[in-house]
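Let's take a walk through this model, one piece at a time. Keep the viewer open and follow along.

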Amino acid sequence: MSKSKKSAGESTIALNKKAKFDYFLNDRFEAGIALEGWEVKSLREGKVQLTDAHILLKNGEAFMIGGQINPLIQASSHVRPDNTRIRKLLLHKREIAQLIGAVERKGFTVVPTAMYWKNGRAKLEIALAQGKKEHDKRATLKDRDWERDKQRIMRTSS
């Protein structure tokens, strides 16, 4: 299965598992990212972290704040890498308008959920999200534990 995925030009770089735990995820969008050369090389090595990242919508544009792309040791000496710089997201105007409307009117948050390669380009999956309350998070943990126990029971019974 991995060969077919590689031939299609898609592979996951990083996931934001914390977003699924902290938020109810609704609509998802695919956004391009404006990157520098050293950042692309670091992405190919998998040196990215989306856990603390969030999306800022300002002046009709979208930006990713807090996502870390750690530079490689052998990065060029004339480049001063900033691993937490603000990165511009590339979206269509109607997608940005839809995001802004949901954030301003309905109180949603925009969070990055995954980063992946698509046709040789780095893409970021972002989602409209509603924050979970503490009791929702406990219910999520309870469901996860039950699914794990159910799988364990199924394996031992057969």
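**A helix and what covers it**

Start with helix α4, where the buried residues are E95, I96, L99, G101 and A102. Keep in mind as you look that this is a predicted model. The helix takes in residues 93-106. With 14 residues, α4 reaches 19 Å from its first C-alpha to its last, close to the 20 Å expected at 1.5 Å a residue. As for what sits over the buried residues of α4, the cover includes β2 (23-33), β4 (54-58), β5 (61-65), β8 and β9. Just after the helix comes G107, with a positive phi near 75°.

Two of those covering strands, β8 and β9, are worth a closer look. β8 spans residues 109-118, and β9 spans residues 121-131. The two run antiparallel and are joined by nine bridges; one of the pairings puts V111 opposite A127 in β9. Between the strands of this hairpin are two residues, and N119 takes a positive phi near 55°. How much of β8 is buried? Eight of its 10 residues are, so the label "mostly covered" is a matter of counting residues under 20% relative accessible area.

T113 makes a good stop within β8. Its relative accessible area is 3%, so T113 counts as buried. Setting aside residues up to four places away in sequence, T113 touches L15, N16, L25, R28, E125, I126 and A127. One of these, E125, also makes a polar contact with T113, side chain to side chain, at 2.6 Å.

E125 has another partner as well. It forms a salt bridge with R28, and the closest N and O atoms are 3.2 Å apart. This pair links distant parts of the chain, since R28 sits in strand β2 and E125 in strand β9, 97 residues apart. Are these two residues buried or exposed? Neither extreme applies: R28 is partly exposed because its relative accessibility is 40%, and E125 is partly exposed too, with a relative accessible area of 22%.

The structure holds nine salt bridges, so there are others to look for. Side chains of opposite charge can pair when their charged atoms come close. Go to R85, which forms a salt bridge with E36 at 3.8 Å between the closest N and O atoms. R85 is in the loop between β6 (68-69) and β7 (87-90), while E36 is in the loop between β2 and α3 (37-44), so this pair ties together parts 49 residues apart in sequence. E36 counts as partly exposed because its relative accessibility is 35%.

R85 also meets E39 in a salt bridge, this time at 2.9 Å, N to O. Here E39 belongs to helix α3 and R85 to the loop between β6 and β7, so the pair ties together parts that are 46 residues apart in sequence. E39 is at 0% relative accessibility, so it counts as buried. Put together, E36, E39, R85 and R87 are linked in a network of salt bridges.

Now switch the display to nonpolar side chains. In soluble globular proteins, these tend to be buried together. The largest nonpolar core has 27 residues, and those with the most contacts inside it are L89, M115, L124 and I126. Two or more residues come from each of β1 (10-15), β2, α3, β5, α4, β8 and β9, with β9 giving the most, four residues. To see how M115 is surrounded, leave aside its neighbours within four places in sequence: M115 is then in contact with T12, I13, A14, I33, L43, V48, L50, M64, K123 and L124.

Back among the strands, β4 and β5 run antiparallel, joined by five bridges. They form a hairpin with two residues between them, and N59 in the turn has a positive phi of about 55°. K58 has E61 of β5 as its bridge partner. β5 also pairs with β7, in the antiparallel sense, over three bridges, where F63 is partnered with K88 of β7.

Finish at helix α5, residues 134-157, where you'll find D149. D149 is partly exposed because its relative accessibility is 34%, and its side chain makes a polar contact of 3.2 Å with that of R152.

Notes. Residues numbered from 1 in each chain as written. Predicted model: local features only at pLDDT ≥ 70, side-chain atom pairs only at ≥ 80, totals over all residues. Heavy atoms only, no water. Buried < 20%, exposed > 50% of the residue type's maximum accessible area, 1.4 Å probe, protein only. Polar contact = N/O pair within 3.5 Å; in protein donor to acceptor, adjacent residues only side chain to side chain. Contact = heavy atoms within 4.5 Å. Pairing = 2+ DSSP bridges. Expected span 1.5 Å × (residues − 1). Salt bridge = Lys/Arg side-chain N within 4 Å of Asp/Glu carboxyl O. Core = buried A, V, L, I, M, F, W, Y, C linked by side-chain atoms within 4.5 Å.
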